[in-house]
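Q: Hey, got a minute to walk me through this one? I have it open and would like a quick tour.

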Amino acid sequence: MRNYYKPTVFLISLWPIYIIAYQLIYNKLGPEPVDRIINHFGEWTLIFILLTLSMTPLKIITNSLEWIKFRRMLGLFAFFYATIHMLSYVGLDYRFDFEPLIDDVFKKKFIFIGFSAWLLLIPLAITSSDRMVRILKKSWKKLHSLIYVVSIFGVLHFIWLSKTIFFKPLIFLIILIILLLFRINFKKFNLS
Ligand code: HEM
């Protein structure tokens, strides 16, 4: 792999930050800036989860291992954006007032599932280093299968909060189903 690929992907992955910074500086966040920020990072979290899940199918389709080298970085960006998304909700929407917040987590199913998805991302981020791969050996793969649960929770979160599946949540759902079907097929035909 050319040694400028990774820094390039890193800089491109910061795109959601550039957009928000631009909109903040030029006062273009619209009439509901807090909602705009929360939704922006929520959507990008889901995009990065799906990008992370796309690396293995791309490896198979292109017959190139290069894609796998970006997987960890994209996964960590998913966690990074999920954390900003969660913190903007906790900090900007609720001003860190935890009582009504905890109420929300248990009363609104879309918050509950979003929060569960974020919690499940934590062990994945913590164990993402090469050292942890070596320490955990076979359990590492099992643990990291949690990304499938996170992706399903993330899409469900989007469908439930939108109250309708049309259209953006449906697009994410279709992409997720395709990416998950890839896994089932690979196992069936013994390709991975
Ligand atoms: C992996 C974790 C998560 C993913 C993938 C995710 C994804 C999303 C997406 C796609 C949206 C909608 C964006 C849009 O409308 O364009 C959204 C909105 C939202 N999310 Fe999340 N989210 C996650 C975790 C969380 C967590 C931990 C919380 C809070 C505890 C949360 C609270 C919200 C709220 C309050 C909204 C805005 C709802 C509204 O429009 O009223 N999410 N999220």
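Q: How many helices and strands does the chain have?
A: Happy to help! This is a predicted model, and its chain has 10 helices and 0 strands.

Q: And how do the elements run from the N terminus on?
A: They go α-α-α-α-α-α-α-α-α-α.

Q: What about overall dimensions along the principal axes?
A: The C-alpha trace spans about 50 × 35 × 35 Å along those axes.

Q: How does the radius of gyration sit with a compact globule?
A: It agrees: the chain has 18 Å, and a compact globule with 192 residues would be near 16 Å.

Q: What share of the residues count as buried?
A: That is 23% of the 192 residues.

Q: And of the contacts between residues at least 6 apart in sequence, what share join residues at least 24 apart?
A: In this chain, 65% of those contacts do.

Q: Switching to the ligand: which residues come nearest?
A: There are 23 residues around the ligand, and Asn39, Gly42, Gly114, Ala117 and Gly154 come nearest.

Q: Which elements give two or more residues to that shell?
A: Those are α3 (33–62), α4 (68–93), α6 (109–126) and α9 (146–162).

Q: Which one gives the most?
A: That would be α3, which contributes 8 residues to the shell around the ligand.

Q: Nice. How does the shell split by class?
A: Around the ligand you'll find 14 nonpolar residues, along with 7 polar and 2 charged ones.

Conventions:
Residues numbered from 1 in each chain as written. Predicted model: local features only at pLDDT ≥ 70, side-chain atom pairs only at ≥ 80, totals over all residues. Helix = DSSP H or I, 4+ residues; strand = E, 2+ residues; numbered from the N terminus. Rg over C-alpha atoms; globule rule 2.2 N^0.38 Å. Buried ≥ 20, exposed ≤ 12 C-beta atoms within 10 Å, placed from the backbone. Contact = placed C-beta atoms within 7 Å. Near = placed C-beta within 6 Å. Nonpolar A, V, L, I, M, F, W, Y, C, P; charged D, E, K, R; others polar.
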